[in-house]
Amino acid sequence: MKKESYLSWPSYFMSIAVLSAFRSKDAKTQNGACIADKNNKVIGIGYNGLPTGCDDNDPDFWADNDDDVLQSKHTYVVHAEQNAIYNCMLNDFEGSTIYATQFPCHSCAQAIIQVGISKVVYLRRKEGDNHEKYFQAVCKMFDQAGVYYQQIEDIEGFDQQFLDGIVNLAP
């Protein structure tokens, strides 16, 4: 008898988030996100990139000088989670889950809460003292707003080997 082989829903949606990250032209951090509704249907995907109409081949948008607002990619780049929300094919986020390659920043967390996404599943989070404080702030917002969050590796049925294979495809 042939063994059935399939991906769990969390592995599938996180794989879409990882694949979406490959679209980003950010040389330092490529992030992706996928939103699935309560019926396990993809309703939005995104990656970190520039606002619609901005030339993503313009190197000025990708500069990495945080000391100068005009030379910092952080001034221009729309985060993957925000793009997934903006690119959503529906307006009803009730009961939906967002799968993100990175734990959301405070601004993305605000957008997630505002549209009514109820669960966040993330692949990794930034480390460091400053990032730890933002992590705590986001967790506080999520907790008070009733948004459940967990790392993908903590989900039963998660296929780490499959996702590692996709991540290793990166150039």
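## Glutamate 81 and its surroundings

In this predicted model, glutamate 81 touches a set of residues from elsewhere in the sequence: once neighbours within four places are set aside, its contacts are Ala33, Ile98, Ala100, Gln102, Phe103, Pro104, Cys108 and Ile112. Glutamate 81 itself belongs to helix α3, which spans residues 80–86. Its relative accessibility is 7%, and because anything under 20% is classed as buried, glutamate 81 counts as buried.

If you are curious about distances, take aspartate 154 as a reference point. Glutamate 81 and aspartate 154 are separated by 73 residues in sequence, and their C-alpha atoms lie 21 Å apart in space.

## Helix α4 and its buried face

Two of the contacts of glutamate 81, Cys108 and Ile112, bring us to helix α4. This helix covers residues 106–115, and Cys108, Ala109 and Ile112 are buried in it. Looking down the axis of α4, the buried residues fall within an arc of 105°, so they line one face of the helix. The helical repeat helps here: with 3.6 residues a turn, residues three or four places apart point the same way.

What lies over these buried residues? The cover includes α3, β3 (97–102), β4 (119–124) and α5 (129–145). After α4 comes glycine 116, which has a positive phi, near 95°.

## Serine 15 in helix α1

Now for another buried position. Serine 15 sits in helix α1, residues 9–21, and counts as buried at 5% relative accessibility. Apart from neighbours within four places in sequence, serine 15 is in contact with Leu7, Phe162, Leu163 and Ile166.

## The largest pocket

The largest pocket holds about 660 Å³ of space. Its lining is made up of 25 residues, and those nearest its centre are His79, Gln102, Cys105, Lys126 and His131. The elements that contribute two or more residues to this lining are α2 (73–76), α3 and α5.

Helix α5 provides the largest share of the lining, with five residues. Sorted by class, the lining of the largest pocket has eight nonpolar, nine polar and eight charged residues. Gln102 links this pocket to the opening topic: it is among the residues nearest the pocket centre, and it is also in contact with glutamate 81.

## The second largest pocket

The second largest pocket has a volume of about 270 Å³. It is lined by 15 residues, with Tyr47, Leu50, Pro51, Thr52 and Asn83 closest to its centre. By class, its lining has seven nonpolar, five polar and three charged residues.

Conventions: Residues numbered from 1 in each chain as written. Predicted model: local features only at pLDDT ≥ 70, side-chain atom pairs only at ≥ 80, totals over all residues. Heavy atoms only, no water. Helix = DSSP H or I, 4+ residues; strand = E, 2+ residues; numbered from the N terminus. Buried < 20%, exposed > 50% of the residue type's maximum accessible area, 1.4 Å probe, protein only. Contact = heavy atoms within 4.5 Å. Arc of directions from axis to C-beta. 1 Å grid on protein atoms, 1.4 Å probe; cavity = no way out; pocket = protein on both sides within 12 Å on 5 of 7 lines; lining within 4 Å. Points joined across faces, edges and corners; volume = space filled by probe spheres on them. Nonpolar A, V, L, I, M, F, W, Y, C, P; charged D, E, K, R; others polar.
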